[in-house]
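Q: Could you take a close look at one helix in this model for me? I would like to see how it sits among its surroundings.

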Amino acid sequence: MTNSGHDATSCDAHRSRDEGPATDDDADTDHAIIVDGLHKTFRARRGQAGVVAIDDVSFVVERGQTLGIVGESGSGKSTVARCLLGLTPVDAGSVEVLGRSIVGANPKQLRSWRSEMQIVFQEPLESLDPRYRVRDAIGEPLLLHTDMRGDVLRKRVDELLAQVSLATDLGARYPHELSGGQQQRVNIARALATDPSVIVLDEPTASLDVSVQAEVLSLLVDLQAQFGLTYLLISHDLTTIRAVADRVAVMYLGRLIEVGPVDEVLTNPEHPYTEFLIGAELSVNPHVKPAAPVVQGEVRGGERPSGCVFAQRCPLRMDACEEAQPELRIASAGHEAACLVVGNKHDLAGAAAEYRLTDEGS
Ligand SMILES: Nc1ncnc2c1ncn2[C@@H]1O[C@H](COP(=O)(O)OP(=O)(O)OP(=O)(O)O)[C@@H](O)[C@H]1O
Ligand SMILES: [Mg+2]
């Protein structure tokens, strides 16, 4: 999975505030993606407050690596993905993908860069035009972004079908004549068509049957190794993140609250919310009520707490947590969490376990 040969546990998979904004120096680094101080609030509809979807999010992804983003529904994962590709304008902060500044780029620039940075969405069928046969769907990005035509284009489409393990004769079918897994393979082939370096995967297997999920994930892992792709992988599912990601970023109500190497974060979580997520995943006892969702509904702009976004539900809450949102603190090499008790991992784990028991028993 790790193709860059760079140490995945180094601190630089997250850009801390102290490092300041991206500079020209970053062109020399091995970062495919640099997000710095990203903010996005969706404007209010009449009578409603705006929704803070992303609040000061910063991270980097090294070339050839996968950063997984986890967090519950509404935590801002897809908004990060859309801002990354210039599909949603940002309010503040900078986004650099493959050395190109996405913020401030014009639509023509964004279109021309799209061949290098692609996205695969959750719903495979919705992403495909029902009027296009599979061959035409896969050939479309080649028509848009390359000079390939005729036999050359046909050959390239055959090659792409093979790369995603689809039989050539499926090329003549329409999307609705395929299974969900096959449809998602077509979307992956479309994303691969123009030889991108970066692919954003927004819940790419969430709508597939469990039996098919593993196959598609394994295909993604193989393609990454083959082509040195950089992935931003969004998922609710920690099993998916474990299978594909090198590093994981945990989001909560628009904030990035923990980031680090996957094994480290999921084995030794520092933030109580990450602990909670892992606990919810592990709660398989049929006699124990599943852990309740931590947050119900959306947090509107006007109601956003001034302190830690997790404080209201946190078993370790202290007065200081209500005063200001904690910045990310280094827990270990490359592992950071936005919590005042970072470093007291032993106490934290004990308290969080107690919290889970209390929550499940309620
Ligand atoms: N176009 C929009 N207009 C208004 N609010 C939006 C828009 N897109 C997203 N939001 C809000 O921004 C917040 C973050 O949404 P986002 O889709 O990024 O969450 P998510 O983590 O991807 O959730 P899910 O896991 O359900 O896909 C939510 O409160 C959502 O309602
Ligand atoms: Mg989403």
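What follows is one request about a single helix and one connected answer.

Q: What do the buried residues of H5 pack against?

A: Happy to walk through it with you. Please keep in mind that this is a predicted model. The protein has 362 residues, and 43% of them count as buried. Its secondary structure comes to 10 helices and 12 strands. Among contacts with a separation of 6 or more, 67% join residues 24 or more positions apart.

Helix H5 covers residues 180–192, which makes 13 residues. From its first C-alpha to its last it reaches 18 Å, close to the 18 Å expected at 1.5 Å a residue. Of those 13 residues, 11 are buried, so H5 is largely enclosed by the rest of the structure. Buried here asks for 20 or more other C-beta atoms within 10 Å. The buried residues in H5 are Gln182, Gln183, Gln184, Arg185, Val186, Asn187, Ile188, Ala189, Arg190, Ala191 and Leu192.

Now to your question about the partners. The buried residues of H5 pack against two strands, E6 (117–120) and E7 (198–202), and against the helices H3 (134–145), H4 (150–163) and H6 (210–227).

The loops on either side of H5 deserve a look too. In the loop between H4 and H5 you will find Ser165, which has a positive phi of about 55 degrees although it is not a glycine. Ser165 counts as partly exposed because it has 15 C-beta neighbours inside 10 Å. The loop between H5 and E7 holds Asp195, another residue other than glycine with a positive phi, near 55 degrees. With 12 C-beta neighbours inside 10 Å, Asp195 counts as exposed.

The two strands that H5 packs against, E6 and E7, belong to an open sheet of 8 strands in the order E6-E7-E8-E3-E9-E10-E12-E11. The pairing in this sheet is mixed. E6 and strand E11 (329–332) stand at its edges with a single partner strand each, so one side of each is left without a neighbour in the sheet. From one strand to the next, the twist averages 20 degrees. Further along the order, strand E9 (residues 247–252) and strand E10 (residues 255–261) run antiparallel and are joined by 6 bridges. In that pair, Val248 stands opposite Gly260 in E10.

Another helix also meets E6 and E7: H1 lies across E3 (66–70), E6, E7, E8 (230–234) and E9, running at about 150 degrees to E8. H1 in turn leads to ligand 1, since it gives the most to the shell around that ligand, with 3 residues. H1 (77–84) and E2 are the elements that give two or more residues to this shell. Of the 12 residues around ligand 1, those that come nearest are Phe42, Ala53, Ser73, Ser78 and Thr79. The shell divides into 3 nonpolar, 7 polar and 2 charged residues.

E2 takes us to an open sheet of 4 strands, in the order E2-E1-E4-E5 with antiparallel pairing. Strand E2 (51–62) and strand E5 (100–101) stand at its edges, each with a single partner strand, so one side of each has no neighbour in the sheet. E4 (residues 92–97) and E5 pair over 2 bridges, and Glu96 stands opposite Ser101 in E5.

Terms used: Residues are numbered from 1 along each chain as its sequence is written. Chains are lettered from A and ligands numbered from 1 in the order in which they are written. This is a predicted model: local features need pLDDT of at least 70, side-chain atom pairs count only at pLDDT 80 or more; totals for chains, interfaces and linings use all residues. Two strands pair if DSSP finds at least two bridges between them. Two residues are in contact if their C-beta atoms, placed from the backbone, lie within 7 Å. The expected span of a helix is 1.5 Å times one less than its number of residues. A residue is near a molecule or strand if its C-beta atom, placed from the backbone, lies within 6 Å of it. Ala, Val, Leu, Ile, Met, Phe, Trp, Tyr, Cys and Pro count as nonpolar, Asp, Glu, Lys and Arg as charged, and the others, Gly among them, as polar. Axes are lines fitted to C-alpha atoms, for helices over the stretch in contact, and angles run from 0 to 180 degrees between N-to-C directions.
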